[in-house]
Amino acid sequence: MLMILASGSIYCYPQVAETNMHIVVVGLSHKTAPIEIREKLSFPSQTIGEPLNRLCSSYGINEGVIISTCNRVEVFAVTREFEKGLWQVKKFLSDYHNIPLQELDEHLYSHTSEDAVKHLFRVCSGLDSMVLGEPQILGQAKDSYGYSLQHHTAGVIINKLFHKAFSVAKRIRTETKIGSNAVSISYAAVELAKKIFSSLTDKTVMLIGAGEMAELAAKHLLSNGVQEILVANRTYEKAVEMARGFKGTPIMFREFTHYLKRVDIVIVSTAAPKYIIHPEQIEDVIKERKNRPMFFIDISVPRNVDPQINNIDNIYLYNVDDLQGVVAANLKERAKEAQAAEAIINEEIDKFYRWVKSLDVVPTIVALKKRFEDIRKGEIEKALSMMNALNEKDKEAIDAMTKAIINKIVHNPVAHLKKETDKVEGDFYIEAARRLFDLDKEEEQELPKTKEEG
Amino acid sequence: MNIIFFYITVIAYLLATFISIAYLIFHNDKVIKVANSAILAGFVFHTLTIISRWFEASRAPFANLHEVLSLFSWMVVIIYLLIYLRYKVAVIGTFVAPLAFLLITTASFLPKEIIPLAPSLESYWLPIHVSLAFLGNGFFAMTFLLGIMYLIQEHYLKSRKVGGLYFLLPSLDILDELSYKCLTYGFPLLTIAMITGAIWAEYVWGSYWSWEPRQTWSLITWFLYAALLHGRLTVGWRGRKAAIYSIVSFLILVGSFAMIKIFSWGAHAVFK
């Protein structure tokens, strides 16, 4: 809390004051700009301090955050006048990277106020990402906000805005299934395995051959708790080496069929030009297994597993195309969840703006006075009910006296609030008053965890 | 009073059915919670229905067809609730709700008056026999629903075109395991129900076994489920085969029960 108050706009010096703060964003992403433009506009994190300070020393800009990833560059700023602010941010981007604004403009999008807030919430929740609902962007946004704290370009509004954005992203992740269906082939294989076996902890995997996707799938299965991994490779040394990586058991390639009966999941990825697993073979295996199901993942091209085995009861076979189909279906399911996520975002924007509005000085003063008056009334009632000896006149006198005390106490804070509100630090005074006297008690309060992030 | 509770129950199960369908369409986790609350509410009123009818009839309300169908529906729901407590597979509720609704709606079309039992039938064996029989049937109904769910999920996985219910249904393994568990409960219950039925028959008619249609058909059902249990335990029947078998067996069970009631065959028809 102290850190927030202190971290304010030391470098963002007060400009001409107006009453309201505006949040603006100017940015470009994979949707609006090709990689050639995006890389020109990126801000390396090692040297982010300089652009941040330059941004905040622009006229009319009080606070700022720059999010720069390979897919997007977003500049968030808090300004007193949003048209000038927007223009300043654009000018900053163009000046800093030495690209004429005309050239840049067609790739840039900009949002102000509610739309800017909504944009940040959507970005952090992965709704604006190339792969819908991907989680990395949240971490990148947290880092970017951290840089702003470090370089003192985050003030009270940015603090609240970003903390809110992170909590919204978290809420969306827990309340919707936006991130729950796999969008990579190797992970899709794991999910299918879970739809067949439920628990993977007592399952055995056999990896035949090598290859990036196959090894990745094996790794995912391992991290999902499979009991054992058998590794077969035409070159036994390679099998030994890979097995070491998976803490698995190497087996001789020509013997892999003998092991099939104790294996639940088979990942095949060899360079063999023909089928190496045949239906007759598998029919025997499944009989020996007493029909306990088997899941075959054939990642090899040309295919190594005869597709006929899928017709055998309790055998499930997926090749690369099938897995790709699963990924496509998962993305469709994510799009469905995205609708629920948008609803959450709209709800949270309302909450956020209720807070922004509370930073206005008038309602704060009203609430402050009401708070004192409530305390006074409560205490005086309690006290008077015990003082039966007093007559009406005495009671009135006591009442008047307490009123006078309250008015004197309240007078100075109110006067300062009114005076300071015309300055940039006004928001800090208002925020401090609201916290010190618990004026937001009825509303949901999320205290920013500045220490962790900063 | 029991009639009022009864209709509240019908409405609750109807709502649960609609909400369940909404869940299957929209995939929203909040919806399934609402559906399960509706089932729970229905169950509470259903229990009140049975208790109040018990008092109003001054006997166990397990005699006429209206009563036993209501009991059957109640058994299915309580078994589901127990499974839910243990395994937390809420999606089963979306299949239980329509079945509970179907059973109780059928009951609602049947004569609901409380008819006193013939004194010859009054015995404490009646509630024991009937409740055990329908608890067993409740488990078999569950294997039927789980079988359907298994076939749906298996179809998605086999056809390699995932989508729709694939995302909602649990794994094949869980469905198969639950179905097996239900069978291991249902089968002994059916066995005990047949024994208590025979004792009661002896008490009322003076003969343990008279090959009347109800008895014959329960014996047939008993053999069907005995074969399934045997197949599962020794031959390794599971998955698709066991699912189809569970579905067919339950349809035979329900079909024979309906036939006997409709055509009033045999001694059990006295309760009609």
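Trainee: How many bridges join β1(A) to β3(A), and in which sense do the two strands run?

Mentor: Start with the general idea. Strands of a sheet pair through backbone hydrogen bonds, either parallel or antiparallel. Now the case here. This is a predicted model. In it, β1(A) and β3(A) run antiparallel, joined by eight bridges. Take one pair as an anchor: Ser29(A) has Arg72(A) of β3(A) as its bridge partner.

Trainee: Which strand does β2(A) pair with, and over how many bridges?

Mentor: Strand β2(A) runs antiparallel to β3(A), residues 72-79, with seven bridges between them. Two pairs help you trace the register. Ile61(A) is matched with Thr79(A) in β3(A). Ile66(A) sits opposite Val75(A) of β3(A).

Trainee: How many residues does the chain use to get from β2(A) to β3(A)?

Mentor: Three residues, in a hairpin that joins the two strands.

Trainee: What is the strand order in the whole sheet?

Mentor: Read across, not along the chain. The order is β2-β3-β1-β4 in chain A. This is an open sheet of four strands, with antiparallel pairing.

Trainee: Which strands stand at the edges?

Mentor: Those are β2 (61-68) and β4 (109-112) of chain A. Each has a single partner strand, so one side of each is left without a neighbour in the sheet. From one strand to the next, the twist averages 15 degrees.

Trainee: Which helix packs on the sheet, and which strands does it touch?

Mentor: Helix α4 of chain A, residues 82-97, packs there. It touches β1 (22-29), β2, β3 and β4 of chain A. The direction of α4(A) makes about 35 degrees with that of β1(A).

Trainee: Back to β3(A). How many of its residues are buried?

Mentor: Eight of the eight residues of β3(A) are buried, so the strand is largely enclosed by the rest of the structure. Check it face by face. One side carries Arg72(A), Glu74(A), Phe76(A) and Val78(A), and these are buried. The other side carries Val73(A), Val75(A), Ala77(A) and Thr79(A), also buried.

Trainee: In which sense do β5(A) and β6(A) pair?

Mentor: In the parallel sense, over five bridges. Strand β5(A) covers residues 204-209. Strand β6(A) covers residues 228-233. Look for Val205(A), which stands opposite Ile229(A) in β6(A). Strand β6(A) is mostly covered, with five of its six residues buried.

Trainee: Let me step back. Into which domains is chain A divided?

Mentor: The assignment gives domain 1 (2-175), domain 2 (185-327) and domain 3 (361-443). The C-alpha centres of domain 2 and domain 3 of chain A are 72 Å apart.

Trainee: And which domains does chain B have?

Mentor: Domain 1 (1-114) and domain 2 (117-272). Their centres, taken over C-alpha atoms, are separated by 19 Å. Between them, 22 residues of domain 1 of chain B are in contact with 25 residues of domain 2 of chain B.

Trainee: Which elements build the domain 1 side of that contact in chain B?

Mentor: Helices α3 (65-87) and α4 (93-108) of chain B each give two or more residues. The most come from α3(B), with nine residues. By class, the domain 1 side has 19 nonpolar, two polar and one charged residues.

Trainee: How do I read a helix, and which residues of α7(B) are buried?

Mentor: The general idea first. An α-helix has 3.6 residues a turn, so residues three or four places apart point the same way. In α7(B), the buried residues are Trp217(B), Ser218(B), Thr221(B), Tyr225(B) and Leu228(B). What covers them includes α6 (172-205) and α8 (239-262) of chain B.

Trainee: What span does α7(B) reach?

Mentor: The helix has 23 residues, 213-235, and reaches 31 Å from its first C-alpha to its last. That is close to the 33 Å expected at 1.5 Å a residue. Just after α7(B), Gly236(B) takes a positive phi of about 80 degrees.

Trainee: How many residues does each chain bring to the contact between A and B?

Mentor: Chain A brings 21 residues and chain B brings 19 residues. On the chain A side, α9 (185-197), β10 (315-319) and α14 (320-358) give two or more residues. The largest share, seven residues, comes from α14(A). The chain A side divides into eight nonpolar, six polar and seven charged residues.

Technical notes. Residues numbered from 1 in each chain as written. Chains lettered and ligands numbered in written order. Predicted model: local features only at pLDDT ≥ 70, side-chain atom pairs only at ≥ 80, totals over all residues. Contact = placed C-beta atoms within 7 Å. Nonpolar A, V, L, I, M, F, W, Y, C, P; charged D, E, K, R; others polar. Expected span 1.5 Å × (residues − 1). Buried ≥ 20, exposed ≤ 12 C-beta atoms within 10 Å, placed from the backbone. Domains from an automatic or database assignment. Pairing = 2+ DSSP bridges. Axes fitted to C-alpha atoms, helices over the stretch in contact; angles between N-to-C directions.
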